[in-house]
Amino acid sequence: MLRQDVERYEKRSVEWLHIARDNIRHMAQSGLVKSVKLYTAKDESVCPTCKEMHGKVFQFQSTKQINFVMDNAQIKDCENVGKNSYTGCRCYWRPDAISLE
């Protein structure tokens with residue numbers, strides 16, 4: 001992989017992380033989303049750490065819980081994140097429990 005390709009990928013990864021965190025922030029601030037669930041792409045590029053996290057639900061009941069999800073918008077131990085991989089983290093968050101109350 002050419003250096004310029006690596007630099008372009010790294011920049012794009014940072015942009016995706018900001019988008020993921022922004023989405024989570026909006027879900028939490030809406031007051032409608034009570035929890036989020038982590039999903040993976042479920043393909044051969046998903047790392048073992050992310051496979052283990054697939055399907056886990058995270059509550060939005062306290063600021064501490066929201067901050068935990070925000071800090072892990074991209075799984076910290078994901079083997080696909082960093083300079084040695086071109087696939088990037090293969091996970092995404094979706095609302096799990098929604099309440100209008």
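In the predicted model, strand 1 and strand 3 run antiparallel and are joined by seven bridges. One position of this pairing is that of Val33, which stands opposite Ile98 in strand 3. Strand 1 is also joined to strand 2, again in antiparallel fashion, by three bridges. The outcome is an open sheet of three strands in the order 2-1-3, with antiparallel pairing. Strand 2, spanning residues 57-59, and strand 3 are the edge strands of this sheet, each of them pairing on one side only. From one strand to the next, the twist averages 30 degrees.

The sheet belongs to a chain that holds three helices and three strands, and these elements follow the pattern α-β-α-β-α-β when read along the sequence. The chain has 101 residues, of which 31% count as buried. Among the contacts between residues at least 6 apart in sequence, 68% join residues at least 24 apart. A pair of this kind of separation along the chain is formed by Leu38 and Tyr92, which are 54 residues apart in sequence, while their C-alpha atoms are separated by 5.9 Å. Leu38 lies in strand 1 and is buried, with a relative accessible area of 0%.

Ser35, likewise a residue of strand 1, illustrates how this strand is placed between its two partners. Towards strand 3, the bridge partner of Ser35 is Ala97, whereas in strand 2 the residue opposite Ser35 is Gln59. The side chain of Ser35 also takes part in a polar contact, since one of its polar atoms lies 3.1 Å from the backbone nitrogen of Ala97. When residues up to four places away in sequence are not counted, Ser35 touches Val57, Phe58, Gln59 and Phe60, together with Arg94, Pro95, Asp96 and Ala97. With a relative accessibility of 1%, Ser35 counts as buried because this value falls under the 20% cut-off.

The largest nonpolar core of the model has 16 residues, and those with the most contacts inside it are Ile24, Met27, Val36, Cys50, Phe60, Val69 and Trp93. At least two residues of this core are supplied by each of four elements, namely helix 1 (3-30), strand 1 (33-40), helix 3 (63-71) and strand 3 (91-98). In soluble globular proteins, nonpolar side chains tend to be buried together. The surroundings of Val36 give a view of this core from one of its members: with residues up to four places away in sequence again left out, Val36 touches Met27, Phe60, Val69 and Trp93, which are also listed among the core residues with the most contacts. The other residues that Val36 touches are Lys56, Val57, Phe58, Arg94, Pro95 and Asp96.

Cys50, another of the core residues with the most contacts, counts as buried at 1% relative accessibility, and Cys47 is also buried, with a relative accessible area of 3%. The structure nevertheless holds zero disulfides. For Cys47, the nearest cysteine sulfur is that of Cys50, at 3.6 Å; this separation is not within the 2.5 Å cut-off, and therefore the pair does not count as a disulfide.

Exposed positions are represented by Gln29 and Lys42. Gln29 has its place in helix 1 and is exposed, with a relative accessible area of 59%. From C-alpha to C-alpha, Gln29 is 9.7 Å from Phe60, a residue from which it is separated by 31 residues in sequence. Lys42 is found in the loop between strand 1 and helix 2, the latter spanning residues 48-53. The backbone of Lys42 has a positive phi of about 55 degrees although this residue is not a glycine. Lys42 has a relative accessible area of 66% and is classed as exposed because this value is over the 50% cut-off.

Key:
Residues are numbered from 1 along each chain as its sequence is written. This is a predicted model: local features need pLDDT of at least 70, side-chain atom pairs count only at pLDDT 80 or more; totals for chains, interfaces and linings use all residues. Side-chain values use heavy atoms; hydrogens and water are left out. A nonpolar core is a set of buried Ala, Val, Leu, Ile, Met, Phe, Trp, Tyr and Cys residues joined through side-chain atoms within 4.5 Å. Buried means under 20% relative accessible area, exposed over 50%, partly exposed in between (1.4 Å probe, protein chains only). Contact means heavy atoms within 4.5 Å. Two strands pair if DSSP finds at least two bridges between them. Axes are lines fitted to C-alpha atoms, for helices over the stretch in contact, and angles run from 0 to 180 degrees between N-to-C directions. A polar contact is a pair of N or O atoms within 3.5 Å; within protein, one must be able to donate a hydrogen and the other to accept it, and residues adjacent in sequence count only if both atoms are side-chain atoms.
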